[in-house]
Amino acid sequence: MAVDLDADLVDKISDVKNRLALGRLVPDENLHLTLAFLGNQSAAELERLHEVLCDVSLPAFFVSFRVMETLGGSTPKVLCLRASPNDSLQGLYVAVRNACRIAGITLERRRFRPHVTIARFGGGLSRNHEVRLGCFLSDQLPNVEFRGAIRSFSLFESILTPERAMHHNLAVYPLTGLAPSAA
């Protein structure tokens with residue numbers, strides 16, 4: 001389950017991402033903000049979840065990204081943009097988790113750290129690449145401030161290939177209207 005990013009937001013993220021000459025960059029069509037990782041589920045379980053999600057009615061909203069960070073502890077595994085705290089995003093996350101529970105899908109207990117992964121570093125970075133990443137971050141961090149409208153969320157499947165993960169939407173759930181811009 002993931003938030004769908006609007007085209008303008010994907011373009012802004014892509015501009016920064018493509019300046020990074022390290023790791024495996026996430027293709028633009030795979031950029032997303034994960035709400036819940038469902039793991040392997042049967043068609044019947046996904047159909048039950050789909051029925052519950054069709055009843056979710058929440059307003060569209062805006063999300064901002066102001067922090068670029070690595071995840072993976074002392075050995076960075078990914079570079080991501082972290083979403084700024086947002087009550088609407090948190091509400092959507094809770095609604096999706098509740099829908100999964102109602103549909104009988106048990107999710108892992110994880111702290112919600114909303115972010116968009118922009119690059120993966122596999123087994124980690126060499127010392128030289130860590131230095132290059134540090135330079136990239138110090139150059140980019142003062143300039144990171146992206147804001148975009150969130151108008152829908154999706155149920156999608158990930159197909160893992162040796163080259164990359166490919167994502168295919170199984171269903172899209174629109175959010176209603178558009179929340180007013182916050183100052």
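Q: Buried means under 20% relative accessible area, exposed over 50% and partly exposed in between, with a 1.4 Å probe and protein chains only. So what makes proline 76 buried?

A: Its relative accessible area is 9%, and the cut-off is under 20%, so buried is the word. This is a predicted model, where local features need pLDDT of at least 70, side-chain atom pairs count only at pLDDT 80 or more, and totals for chains, interfaces and linings use all residues. Residues are numbered from 1 along each chain as its sequence is written, and side-chain values use heavy atoms, leaving out hydrogens and water.

Q: What does proline 76 touch?

A: Taking contact as heavy atoms within 4.5 Å, and skipping residues up to four places away in sequence, proline 76 touches Thr70, Leu71, Phe121 and Gly124.

Q: Why is the pair of tyrosine 93 and phenylalanine 112 called stacked?

A: Rings of Phe, Tyr and Trp (its six-membered ring) pair if their centres lie within 6.5 Å; planes under 30 degrees apart count as stacked, over 60 as edge-to-face and the rest as tilted. Here the centres are 4.0 Å apart and the planes sit at 5 degrees, so stacked it is. The two residues are 19 apart along the chain, and both are buried.

Q: How do you know that the buried residues of α4 line one face?

A: They are Leu133, Phe136, Leu137 and Gln140. Looking down the axis, they fall within an arc of 95 degrees (taken from the directions from the helix axis to the C-beta atoms), so they line one face. The face turned away from that buried side carries the exposed Arg127 and Ser138.

Terms used: Helix = DSSP H or I, 4+ residues; strand = E, 2+ residues; numbered from the N terminus.
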